[in-house]
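Reader: I would like to practise reading sheets. Please show me the model and take me through the strands.

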Amino acid sequence: NRWSFLLVLVLLIAVNIIASRWHARIDLTGEKRFTLTDSTEAMLKRLDQPVTITVLLKGNYPSGFKKIASSTEDLLRTFKEIAGNKLQYRFVSADEKMDSTAVTYADTAYALGADPINLTSQLKDGQQQQYVYPVALVSSNGKMLYASLYKGKTPLVTNEAFSEAETMLEYQLINAIFHVTESTKPLIGFAAGNGEPMDMSVYDLAENTLQSTFNLQLINIANQSFINPLCELLIIVKPTIPFTTEQKLKIDQYIMHGGKVMFFVDRLNAEMDSLQIKNEVIAYDRELNLNDLLFRYGARINGNLLMDLQCDYLPFDVSGNGQFDFLPWNYFPVLESAENHPINKGLGFVSGKFVNSIDTVEAEGINKTILLYSSANSRTISTPALISGKENVAAPVDDQFNL
């Protein structure tokens with residue numbers, strides 16, 4: 001009847017008005033890939049200075065880039081709903097000139113370090129060649145950085161490449177927002193004094209990845225009376241010398257007062273250098289004396305060695321005549337990720353080398369998230385263990401890998 005029609009019409013108008021001002025995404029994925037992390041929401045809520053995001057994806061591009069642009073706009077709309085007027089965004093063509101200048105957005109993106117994709121499109125009149133900048137320029141308080149929206153270097157955007165790009169959008173954008181709004185670089189501690197490598201093996205980590213973004217400080221836990229409480233994160237990379245009770249107390253006190261620690265620990269002494277020279281290596285426990293400290297926080301690194309049928313390949317001289325064949329090396333497991341945390345979003349598979357298994361144990365007030373795990377076709381062996389390159393001459397017994 002007439003009244004029912006009017007009621008439906010009023011409801012439709014109300015829904016459209018609400019939808020124009022507010023929207024929500026329903027995340028049906030198991031890993032909640034389209035749900036903002038708590039840290040992202042917290043950062044957007046506490047923005048104290050305006051942030052402008054300019055996306056260089058306005059134009060006639062193939063469907064893959066249009067999807068990336070659409071996903072970016074959807075995410076930025078969600079950002080703005082949380083940040084309010086502190087965040088503004090717009091889409092422009094890379095060839096447009098920046099406000100009151102003769103410089104194009106493409107020139108600016110390139111000057112900041114963004115590499116374009118040389119895209120060839122098929123048109124009715126022939127082929128069209130254009131440079132695509134799938135990036136967003138993030139600026140605030142006189143600083144500008146670019147956020148990469150698509151990491152690929154080729155113009156072919158596959159479903160897998162798009163899915164990975166979509167997964168990383170939140171991290172890329174919020175990371176750029178963080179760095180243009182920070183007043184000072186966060187202080188990061190790099191532990192020394194327990195045999196941690198200080199050579200070229202960690203140069204890229206220390207000098208490029210960390211030093212360019214953070215205020216990096218070398219912390220010798222043995223020599224300093226305490227760990228600087230202003231240090232927002234302590235990184236302990238591959239120690240080889242046992243920790244003393246005093247050192248562990250300093251680490252524990254640092255954590256108890258709100259500090260964060262990342263342990264990159266190889267409990268076993270097993271290195272590829274020995275295997276390459278002698279074609280065999282003995283894997284044995286380094287006795288780092290960290291068991292009680294880690295156990296207190298709900299983790300235990302076992303003194304065993306993980307073997308997995310899902311593994312990386314290495315060259316082996318099977319015939320002994322210098323002809324190398326690539327064979328699966330079960331001591332280099334290819335680990336899987338559930339993409340259940342900002343750390344492992346879009347990470348894919350990770351190749352490990354002489355990996356220990358880790359147990360989680362109950363600890364009051366401690367929540368644990370498993371980032372990487374072995375395949376169903378894996379097993380552990382006890383140590384010390386003799387590892388020989390000759391093992392790969394014979395195929396492994398598959399039914400032994402049932403951990």
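Author: What follows is a short walk through two sheets. Keep in mind that this is a predicted model.

Reader: What holds the strands of a sheet together?

Author: Strands of a sheet pair through backbone hydrogen bonds, in either a parallel or an antiparallel sense. Here, one open sheet has four strands, in the order 2-1-5-6. Its pairing is mixed.

Reader: Which strands stand at the edges of that sheet, and why is one side of each left without a neighbour?

Author: Strand 2 (87-91) and strand 6 (143-148) are the edges. Each has a single partner strand, so one side lacks a neighbour in the sheet.

Reader: By how many degrees are neighbouring strands of this sheet turned against each other?

Author: The average is 20 degrees, direction ignored.

Reader: How do strand 1 and strand 2 run, and how many bridges join them?

Author: Strand 1 (residues 51-55) and strand 2 run parallel, joined by five bridges. For a landmark, take T52: its bridge partner in strand 2 is Q88.

Reader: Which strands does helix 3 touch?

Author: Helix 3 (residues 63-83) packs on the sheet and touches strand 1 and strand 2. The direction of helix 3 makes about 160 degrees with that of strand 2.

Reader: Now the three-strand sheet. What is its order?

Author: This open sheet has the order 11-12-21, with antiparallel pairing. Strand 11 (268-269) and strand 21 (385-388) are at the edges. Each has a single partner strand, so one side of each has no neighbour in the sheet.

Reader: Over how many bridges do strand 12 and strand 21 pair?

Author: Strand 12 (residues 280-285) pairs with strand 21 over four bridges, in the antiparallel sense. Look for E280: opposite, in strand 21, stands S388.

Terms used. Residues are numbered from 1 along each chain as its sequence is written. This is a predicted model: local features need pLDDT of at least 70, side-chain atom pairs count only at pLDDT 80 or more; totals for chains, interfaces and linings use all residues. Side-chain values use heavy atoms; hydrogens and water are left out. Two strands pair if DSSP finds at least two bridges between them. Helices (H or I, at least four residues) and strands (E, at least two) are DSSP runs, numbered from the N terminus. Axes are lines fitted to C-alpha atoms, for helices over the stretch in contact, and angles run from 0 to 180 degrees between N-to-C directions. Contact means heavy atoms within 4.5 Å.
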